[in-house]
Amino acid sequence: MIRLDDQVAIITGSGRGLGAAYARLLAERGARVVVHDAGVNKDGTGFDPNVAADAASRIREAGGVALPSDVILDSRDNCQILVETTRAKFGRLDILIHNAGWVAYQSVQELTPDFLQRAISINLEAPTWLAQAAFPIMKQQNYGRIVLTTSDRAVYKQYALSGLAPYAMGKMAQIGLMNVLAVEGALHGILVNAISPVAKTRMWNVQDEPEELRPDQVAPGVLYLASGECRESGFILRASNGQFTAARWIERDNVDYPLNLAAVESSTAEDLATRWQEIAADVAF
């Protein structure tokens, strides 16, 4: 059985939904959990400290160790505060899971700067500043696990939805961040992966426990990525309805980047047009 005894985990957006399921499972397996949630409304505004406090209380009632945090992750300083508060309380930080997100719709034609910035803040800036704050601690320990969050709505064109451009951009940005952090952490025992979850939560206007696509069906994947049993970086773990598949982009063995892509040679756009089916035949994820 995977255990996380004596380990410390920060899970953002863990007062409800997927994050709450992650926090419960990690606490059940022995982790001391910081339940972070600012208690914002579905539109990304507002503030309710009771969301994190109540979730942490439920974990403690079940015999786990949980500390609530309601800091709003809208600045580098606040991200630093969350990490430093965790270290001050527990003396270490082993696991960082950035689950907090925001789903709202606005077409590119109607997009406003405030709307875009809100998506950038939670999906790009927050995980970057959290990782920056966590890395020195994890390097000192020579151990760490970071789990970011992406989405099928961003990765696959066939699942993209009109109006979700800011959301999709933020979720794709976390894949780029994952890859760089995986490289920077490799020599220090820090592994970085991403979860791509599907679950019925309040983002789907689902308040009660669903019969299918439940958050607790995703949580085992996050537990694995956050544990010492996970030995690889740079993977996207897709999770839906109790099923999992892992993928990553990786070059073929015969590529000599950047001089030789071992690909179709073309000198004109017309040639590309003629050979497009051949060029695109190797595209897969």
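Asp 6 counts as exposed, because its relative accessibility is 60%. Here exposed stands for over 50% relative accessible area, buried for under 20%, and partly exposed for in between, using a 1.4 Å probe and protein chains only. Asp 6 sits in the segment before β1, and its phi is near 70°, a positive value in a residue other than glycine.

A word on the basis of this report. This is a predicted model, in which local features need pLDDT of at least 70 and side-chain atom pairs count only at pLDDT 80 or more, while totals for chains, interfaces and linings use all residues. Residues are numbered from 1 along each chain as its sequence is written, and side-chain values use heavy atoms, with hydrogens and water left out.

**The chain as a whole**

The protein chain has 9 helices and 8 strands. Both are DSSP runs numbered from the N terminus: helices are H or I with at least four residues, and strands are E with at least two. The C-alpha trace spans about 65 × 45 × 40 Å along its principal axes. The radius of gyration of the protein chain is 20 Å, which agrees with the value near 19 Å for a compact globule of 285 residues. That radius is taken over C-alpha atoms, and the globule rule is 2.2 Å times the number of residues to the power 0.38.

Of the 285 residues, 45% count as buried. The accessible surface comes to about 14,800 Å², and 51% of it belongs to carbon and sulfur atoms; these areas come from the Shrake-Rupley method with a 1.4 Å probe, and for residues only the protein chains shown count as cover. Among contacts between residues at least 6 apart in sequence, 67% join residues at least 24 apart, where contact means heavy atoms within 4.5 Å.

As for charge, there are 26 positive and 33 negative side chains, and the centres of the two sets lie 5 Å apart. Lys and Arg count as positive and Asp and Glu as negative, with His and the chain ends not counted. Each charge is placed at NZ of Lys, CZ of Arg, CG of Asp or CD of Glu.

**Inside the fold**

Let us move to the interior. The largest nonpolar core has 38 residues, of which Leu 93 and Ile 146 touch the most other members. Such a core is a set of buried Ala, Val, Leu, Ile, Met, Phe, Trp, Tyr and Cys residues joined through side-chain atoms within 4.5 Å. Two or more residues of this core come from each of β1 (8-12), α3 (76-90), α4 (113-141), β5 (144-149), α6 (165-185) and β6 (190-198). The largest share, 11 residues, is given by α4.

Ile 146 is a good place to look around. Leaving aside its neighbours within four places in sequence, Ile 146 is in contact with Leu 96, Ala 131, Phe 135, Met 138, Ile 190, Leu 191, Val 192 and Asn 193. Another core, of 31 residues, lies apart from the largest one; among its members are Ala 21, Ala 56, Ala 199 and Cys 230.

Helix α7 (residues 215-225) is mostly covered, with 8 of its 11 residues buried. Those buried residues include Pro 215, Val 218, Val 222 and Leu 225. Their cover includes the helix α1 (17-28) along with β4 (95-98), β5, β6, β7 (236-240) and β8 (243-247).

**Some single residues**

The table sets out four residues by place and accessibility.

| Residue | Place | Relative accessible area |
|---|---|---|
| Asp 48 | loop between β2 (32-36) and α2 (50-61) | 28%, partly exposed |
| Ser 121 | helix α4 | 13%, buried |
| Ala 262 | loop between β8 and α8 | 25%, partly exposed |
| Ala 281 | segment after α9 (276-280) | 56%, exposed |

Leaving aside neighbours within four places in sequence, Asp 48 is in contact with Ala 38 and Gly 39, and Ser 121 with Leu 73, Asp 74 and Ala 126. The C-alpha atoms of Asp 48 and Asn 78 are 17 Å apart, with these positions 30 residues apart along the chain. Ala 281 and Val 71 are 210 residues apart in sequence and 47 Å apart in space, C-alpha to C-alpha.

The loop between β8 and α8 (269-274) also holds Pro 258. The peptide bond from Tyr 257 to Pro 258 is cis, with omega near 0°. For Ala 262, phi is near 50°, a positive value in a residue other than glycine.
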